[in-house]
Amino acid sequence: MTVYDPKAPEDFAGRHVTVAGLGVSGVPAARALAGLGARVTVVNGSDGEGERAQAAELEKLGITVRLGDGETLPEGTEVVVTSPGWKPTSPLFLAAEKAGVPVWGDVELAWRLRGPDAAPWLAVTGTNGKTTTVRMLASILAAAGLRTAAVGNIGVPLVDVVLGEGRTDETAYDVLAVELSSYQLHWAPSVRAHSAAVLNLAPDHLDWHGSMAAYAADKGRIYEGNTVACVYNAADPATEELVREADVVEGCRAIGFTLGTPGPSQLGVVDGILVDRAFVENRQQQAQELAEIADIAPASGKAAPHNIANALAAAALARAFGVPATAVRDGLRAFHPDAHRIQHIADVAGVSYIDDSKATNTHAAEASLAAYEHIVWLAGGLAKGATFDDLVRTAAGRLRGVVLIGADRALIREALARHAPDVPVVDLDRTDTGAMSEAVREAARLAEPGDTVLLAPACASMDMFVNYNKRGEAFADAVGELAAAGH
């Protein structure tokens, strides 16, 4: 596949581009392409009221919108730009392949719209922790006085950012902190970051990628063409292997991060201090102090191990860009986690209530459970094909009790029966949104003073809630009701 070398922004004037999917990335891509003079057709499988409203707005810009048919390739299409969620096996893409039409994602489009003087990208991917790490990274870069933004899969379309770059002094970025999903990386063959990190790898989205090997390969694309540093997790050998397999610019370094004492070319932790043995003059014998663990935003009274790992990865990318040690400390101190990511809701009757609704898979839930000593675990939802034996086996010694909700709760209940048979389990046979209030009351009944009631579902939310945010909000509301009732 030809890799695009951006000596100048790609010219789309007069080209027929098909955009696959309305939504967070599809609509901005369609608008941008129309503004660049392309002849744009948007195709979308569904044809509901919301889609029709979006179509009406796009048609005012001269964009053709075809609703109810996302499978047929429009005649004359020269390139397809897809939203991240569309599977590679979609009939539209198979038709494009047969016709010799390239398929790009929104990230690939953004990369091709960059000029040669555009801000470099510091890119982050991984099964879990991407958003937190990217936001930590942006905070560190800002603390160094750099003009930056956290963009990409974090919710800020890269196409909009790239087209806005350089229009005024205020939008001329020095560097961008870019979150990339495996979906986005699959469709972004040309992206070449300054430095990049893969935080971790665990089975996820295998129904989309087809296999763990394909999922890992797409994650590994983030390292291709890196110029300064490929950052990997020393506790996850699969991430280091992706570095070994990557084709990088000569002189690009492999930089590890570890929760233990770092070796040369690593960042790690010594006596509660984050230290750098990678970006120092004599890394064989010297280490640079960066920050204290206490500087990492303690969502629940202490920094969870996986959040320390996220901070180390962010620090490694920032240091690769030449950021001073003091900016790492100041940036971590200034950072505050997003809602629903190990968010402390309240203490009620000596019990701490923590919302980690963002833990939508077993890998994320395992990290969350590892942060607390005595837990009443609130879990369940849509399993997405996951199994729970390893998760339960690892967490069993920390569990005071478990409250299960959601469509696939039986899978967790069965794993608990096998690996934690003495742990009390409350199985709520309901999937309505009101189940959360009952679940929190049951968790409070099982908890003892000093315990943590932890919402870390290890499952997706769509069986009961619109998204994980709404699930977390329902949990917070239920905890508020509990506190108001005087428990």
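# Exercises on a predicted protein chain

Strand β6 (residues 121-125) and strand β8 (residues 176-179) run parallel, and four bridges join them. The model is predicted: local features need pLDDT of at least 70 and side-chain atom pairs count only at pLDDT 80 or more, while totals for chains, interfaces and linings use all residues. Residues are numbered from 1 along each chain as its sequence is written, and side-chain values use heavy atoms, with hydrogens and water left out.

## Exercise 1: the surroundings of β6

Task: Find the strands that pair with β6, and decide whether the residues of β6 are buried or exposed.

Solution.
- Step 1. Strands (DSSP runs of E, at least two residues) and helices (DSSP runs of H or I, at least four residues) are numbered from the N terminus. Two strands pair if DSSP finds at least two bridges between them.
- Step 2. The four bridges between β6 and β8 meet this rule. In this pairing, Ala123 has Val178 of β8 as its bridge partner.
- Step 3. β6 also pairs with strand β9 (residues 195-198), in the parallel sense and over four bridges. Here Ser195 of β9 stands opposite Leu122.
- Step 4. A residue is buried under 20% relative accessible area, exposed over 50%, and partly exposed in between (1.4 Å probe, protein chains only).
- Step 5. Side chains in a regular strand alternate between the two faces of the sheet. In β6, Trp121, Ala123 and Thr125 point one way, Leu122 and Val124 point the other way, and all are buried.
- Step 6. Because five of the five residues of β6 are buried, the strand is largely enclosed by the rest of the structure.

## Exercise 2: a hairpin and positive phi angles

Task: Describe how β15 meets β16, then place Lys384 and Ala458 and say whether each is buried, partly exposed or exposed.

Solution.
- Step 1. Strand β15 (residues 343-348) and strand β16 (residues 351-355) pair in the antiparallel sense over five bridges. Ala346 stands opposite Tyr353 in β16.
- Step 2. The two strands form a hairpin with two residues between them. Ala349, in the turn, has a positive phi of about 55°.
- Step 3. Most residues other than glycine have a negative phi. Lys384 is not a glycine, yet its phi is positive, about 55°. Ala458 is not a glycine either, and has a positive phi of about 60°.
- Step 4. Lys384 lies in the loop between β17 (375-379) and α14 (389-395). With a relative accessible area of 47%, Lys384 is partly exposed.
- Step 5. Ala458 lies in the loop between β20 (452-455) and α17 (468-484). Its relative accessible area is 1%, so Ala458 is buried.

## Exercise 3: three residues

Task: Say where Thr41, Val275 and Gly450 lie, and which residues touch Thr41 and Val275.

Solution.
- Step 1. Contact means heavy atoms within 4.5 Å.
- Step 2. Thr41 is in strand β2 (residues 39-44) and is buried, with a relative accessible area of 11%. Leaving aside neighbours within four places in sequence, Thr41 is in contact with His16, Val17, Thr18, Val19, Thr64 and Pro74.
- Step 3. Val275 is in strand β13 (residues 273-276) and counts as buried at 9% relative accessibility. Not counting residues up to four places away in sequence, Val275 touches several residues, among them Pro262, Leu267, Val270 and Glu289. The C-alpha atoms of Val275 and Glu289 are separated by 4.5 Å, although the two residues are 14 residues apart along the chain.
- Step 4. Gly450 lies in the loop between α16 (435-446) and β20. At 58% relative accessibility, Gly450 counts as exposed. From Gly450 to Lys98 the C-alpha distance is 62 Å, and the two are 352 residues apart in sequence.

## Exercise 4: the whole chain

Task: Compare the radius of gyration of the protein chain with the value for a compact globule, and give the share of buried residues.

Solution.
- Step 1. The radius of gyration is taken over C-alpha atoms, and the globule rule is 2.2 Å times the number of residues to the power 0.38.
- Step 2. For 487 residues a compact globule would have a radius near 23 Å; the protein chain has 23 Å, which agrees. Along its principal axes the C-alpha trace spans about 65 × 60 × 40 Å.
- Step 3. The protein chain has 17 helices and 20 strands. Buried residues make up 55% of its 487 residues.
- Step 4. Among contacts between residues at least 6 apart in sequence, 67% join residues at least 24 apart.
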